[in-house]
Amino acid sequence: MPDLDPATTALLTVECQNGVVGEESALPELAKEARDSGMLERVAALADAARGAGVQVLHAIAERRPDGLGANSNARLFRAAGRLPVRQLTGSPAVEVAAPIVVAAQDLVVRRLHGLSPMAGTGLDALLRNLGVRTLVVTGVSSNIAIPNTVFDAVNLGYQVVVPADAIAGVPTSCTAEVIRNSLALVAVITTAEALLNQWAPAS
């Protein structure tokens, strides 16, 4: 794993929000995997350690307006999401970052109303460039869709991407390992939460 310079590195949490991974999730199977695997706790620990090391933390949230304006309808996933009992409505508890992950005062929250990736059609790329970020650590859900989209988009935009394999989750459980092995490992540096925590630990 490369030595991550805090001045040029950022940690991104993807869709770690109540309506996705919380107890009242619209996707209970994914939420259960995120909790039972320990992923949420590892993401929370990584965010805390990143801040302590001077690494910028950002949270990417997927949401939609109550009237649905601007939301995609060009795929089965989007149409199904509109029929779920828990909807990711702007301003609702569903689009708040889920415990135990904390949003600190210096964190940045990026929200999107459309698409599959926080890198596309949002201000995330501009924010990262203004911060001088060249390396992006990607965490969160899901390894089925949003994580690969985020990684590929970031690589296409010129970022070096690091993925802690045990700080992302998807369903079924086996999906995450398959996506990492057959896709993400080809374009990103694959590591573990522990390795990052060790790198970001305060000097003794």
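Helices here are DSSP runs of H or I with at least four residues, numbered from the N terminus. By this rule, Trp 200 lies in helix α8. The model shown in every view is predicted.

**View 1. Surroundings of Trp 200 in helix α8.**
Trp 200 has a relative accessible area of 4% and is buried, where buried means under 20%. Leaving out residues up to four places away in sequence, Trp 200 touches Leu 4, Thr 9, Val 55 and Val 137, and also Leu 46, Ala 49, Ala 50 and Ala 53. Asp 67 is 133 residues from Trp 200 along the chain, and the C-alpha atoms of the two are separated by 43 Å.

**View 2. The buried and exposed faces of helix α8.**
Helix α8 covers residues 193-200. Its buried residues are Ala 193, Leu 196 and Trp 200. Viewed down the axis of α8, these residues fall within an arc of 65 degrees, so they line one face of the helix. Glu 194 and Asn 198 are exposed and sit on the face of α8 turned away from the buried side. The elements that cover the buried residues of α8 include the strands β1, β4, β5 (160-164) and β7, together with helix α3.

**View 3. Packing of helix α3 against helix α8.**
The axes of α3 and α8 are 9 Å apart, and the two helices pack at an angle of about 20 degrees. Angles under 35 degrees count as roughly parallel, and α3 and α8 are therefore roughly parallel to each other. The crossing of α3 past α8 is left-handed. On the α3 side, the contact is made by Arg 42, Ala 45, Leu 46, Ala 49, Ala 50 and Ala 53. On the α8 side, Ala 193, Leu 196, Leu 197 and Trp 200 take part. By class, the residues of this contact are nine nonpolar, one charged and no polar.

**View 4. Packing of helix α6 against helix α7.**
Helix α6 spans residues 146-156, and helix α7 spans residues 173-187. Their axes come within 10 Å and cross at roughly 20 degrees. The helices α6 and α7 are therefore roughly parallel to each other, and α6 passes α7 in a left-handed crossing. Helix α6 contributes Ile 147, Pro 148, Val 151, Phe 152 and Val 155 to the contact, while α7 contributes Val 179, Ser 183, Leu 184 and Val 187. The contact of α6 with α7 has eight nonpolar residues, one polar residue and no charged residues.

**View 5. The buried and exposed faces of helix α2.**
In helix α2 (residues 28-36), the buried residues are Leu 30, Ala 31, Glu 33 and Ala 34. Down the axis of α2, they fall within an arc of 160 degrees, so they line one face of the helix. They pack against the helices α1 (18-21), α3 (39-53) and α7, and against the strands β4 (135-141) and β6 (168-169). The face of α2 turned away from the buried side carries Pro 28, Glu 29 and Asp 36, which are exposed. After α2 comes Gly 38, which has a positive phi near 85 degrees.

**View 6. Backbone geometry at Glu 15 and at two cis peptide bonds.**
Most residues other than glycine have a negative phi, and most peptide bonds are trans. Glu 15 is a residue other than glycine with a positive phi, near 55 degrees. Its position is in the loop between β1 (9-14) and α1. Glu 15 has 12% relative accessibility and therefore counts as buried. The peptide bond from Val 141 to Ser 142 is cis, with omega near -10 degrees. Ser 142 is part of the loop between β4 and α6. A cis peptide bond also runs from Val 171 to Pro 172, with omega near -5 degrees. Pro 172 is found in the loop between β6 and α7.

**View 7. Surroundings of Val 189 in strand β7.**
Strand β7 comprises residues 189-191 and includes Val 189. Val 189 is partly exposed, with a relative accessible area of 24%. Apart from neighbours within four places in sequence, the contacts of Val 189 are Met 1, Pro 2, Val 161, Val 162 and Val 163. Val 189 and Val 55 are 134 residues apart along the chain, and their C-alpha atoms are separated by 18 Å.

Note on methods
Residues are numbered from 1 along each chain as its sequence is written. This is a predicted model: local features need pLDDT of at least 70, side-chain atom pairs count only at pLDDT 80 or more; totals for chains, interfaces and linings use all residues. Side-chain values use heavy atoms; hydrogens and water are left out. Buried means under 20% relative accessible area, exposed over 50%, partly exposed in between (1.4 Å probe, protein chains only). The arc is that of the directions from the helix axis to the C-beta atoms. Contact means heavy atoms within 4.5 Å. Axes are lines fitted to C-alpha atoms, for helices over the stretch in contact, and angles run from 0 to 180 degrees between N-to-C directions. Angles under 35 degrees count as roughly parallel, over 145 as roughly antiparallel, 65 to 115 as roughly perpendicular and the rest as oblique. A crossing is left-handed if the near helix is turned anticlockwise from the far one by less than a right angle, and right-handed if clockwise. Ala, Val, Leu, Ile, Met, Phe, Trp, Tyr, Cys and Pro count as nonpolar, Asp, Glu, Lys and Arg as charged, and the others, Gly among them, as polar.
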